[in-house]
Amino acid sequence: SSQITAVQSQSDTRLNQTVTDINSITTQIATLNTGIRDATYMGQQPNDLLDKRDQLMDQLSSKINFSYTTDATTNEVTLTFGTGTPINIVDPLASGGTTAITRVDLDNAYGTGELTSGSAYADEHLYTTVLPGWISKLDDLVNSIVTSFNTQNAAGYDLSGASGGSIFDPAGLTAATFA
């Protein structure tokens, strides 16, 4: 139980770091958007900037799923996370060019099925679904062991001939508190 809890804590830490990473990447993309727009308006080909932005978008796609559109005139991208209540995480029309996401945004997107890939999905799935399921199964195992031991002991007698009683107190017992 303590090992599962430790893995859950690690997953939680990674999710919080992923939020920081996502916001850093989107800020860099927004900055590149500005440079791309300016170069395009000046009649230059911003190929290096476009390549850097593509690399950052690849990094971002390893963390979350998103959709994007490219402005035909300015070559700026708008990146959108989620579909139900989408967040324009990179938006050339927004102040600063980005909207920061939070951990709650990731949690909500996982809960509604909008977060479907990337490391954020993997950690959300582990943290929210897999590990709580394992903890529940482990708690069920402990409950079964306690019930079996208590039942068998109650059916017997001690050396003085008194009937056996419960070995374990099952009230509030979980795998984390079993001793």
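Leu-141 sits in that in-between zone at the surface: with 45% relative accessibility, this residue counts as partly exposed. In this predicted model, Leu-141 belongs to helix 4, which covers residues 118–154. Leu-141 also has nonpolar company, since a surface patch is formed by Leu-141, Ile-145, Phe-149, Ile-167 and Phe-178. Taken together, these five side chains offer about 430 Å² of accessible area.

Helix 4 also holds Asn-150, and here the picture is one of burial. The relative accessible area of Asn-150 is 9%, so this residue counts as buried. What covers a residue like this can be read from its contacts. Setting aside neighbours within four places in sequence, Asn-150 touches Gly-165, Ser-166, Ile-167, Phe-168 and Pro-170. Ile-167 therefore turns up twice, as a contact of Asn-150 and as a member of the nonpolar patch with Leu-141.

Another part of helix 4 packs against helix 3, which spans residues 103–111. The two axes come within 10 Å and cross at roughly 75 degrees, which means that helix 3 runs roughly perpendicular to helix 4. On the helix 3 side, the contact is made by Arg-103, Leu-106, Asp-107 and Tyr-110. Helix 4 answers with Ala-120, Tyr-121, Glu-124, His-125, Tyr-127, Thr-128 and Thr-129.

Charged residues take part in this contact too, and some of them join a wider network. Salt bridges link Asp-12, Arg-103, Asp-107 and Glu-124. Within that group, Arg-103 pairs with Asp-12, and their closest N and O atoms are 2.6 Å apart. Because Arg-103 is in helix 3 and Asp-12 is in helix 1 (residues 2–41), the pair ties together parts that lie 91 residues apart in sequence. The two partners are not equally covered: Arg-103 is buried at 15% relative accessibility, whereas Asp-12 is partly exposed at 23%.

Across the whole structure, the search turns up 7 salt bridges. Helix 1 supplies a partner in another of them, the bridge between Lys-63 and Asp-21, where the closest N and O atoms are 3.6 Å apart. Lys-63 sits in the loop between helix 2 (47–61) and strand 1 (67–70), while Asp-21 is in helix 1, so this bridge ties together parts 42 residues apart in sequence. Lys-63 is buried, at 17% relative accessibility, and Asp-21 is partly exposed, at 24%.

Glu-76 and Arg-37 make a further salt bridge, with 3.5 Å between the closest N and O atoms. This pair, too, links distant parts of the chain: Glu-76 is in the loop between strand 1 and strand 2 (77–81), and Arg-37 is in helix 1, 39 residues away. Glu-76 is buried, with a relative accessible area of 8%, but Arg-37 counts as partly exposed at 23%.

The loop between strand 1 and strand 2 has one more feature worth a look, at Asn-75. Most residues other than glycine have a negative phi. Asn-75 goes the other way, with a positive phi of about 65 degrees although it is not a glycine. As for its surroundings, Asn-75 counts as partly exposed, at 26% relative accessibility.

How values were computed: Residues numbered from 1 in each chain as written. Predicted model: local features only at pLDDT ≥ 70, side-chain atom pairs only at ≥ 80, totals over all residues. Heavy atoms only, no water. Patch = residues over 30% accessible without salt bridge, like charges linked within 9 Å, V, L, I, M, F, W, Y side chains within 5 Å. Areas by Shrake-Rupley, 256 points an atom, 1.4 Å probe, with all protein chains shown as cover. Salt bridge = Lys/Arg side-chain N within 4 Å of Asp/Glu carboxyl O. Helix = DSSP H or I, 4+ residues; strand = E, 2+ residues; numbered from the N terminus. Buried < 20%, exposed > 50% of the residue type's maximum accessible area, 1.4 Å probe, protein only. Axes fitted to C-alpha atoms, helices over the stretch in contact; angles between N-to-C directions. Parallel < 35°, antiparallel > 145°, perpendicular 65-115°, else oblique. Contact = heavy atoms within 4.5 Å.
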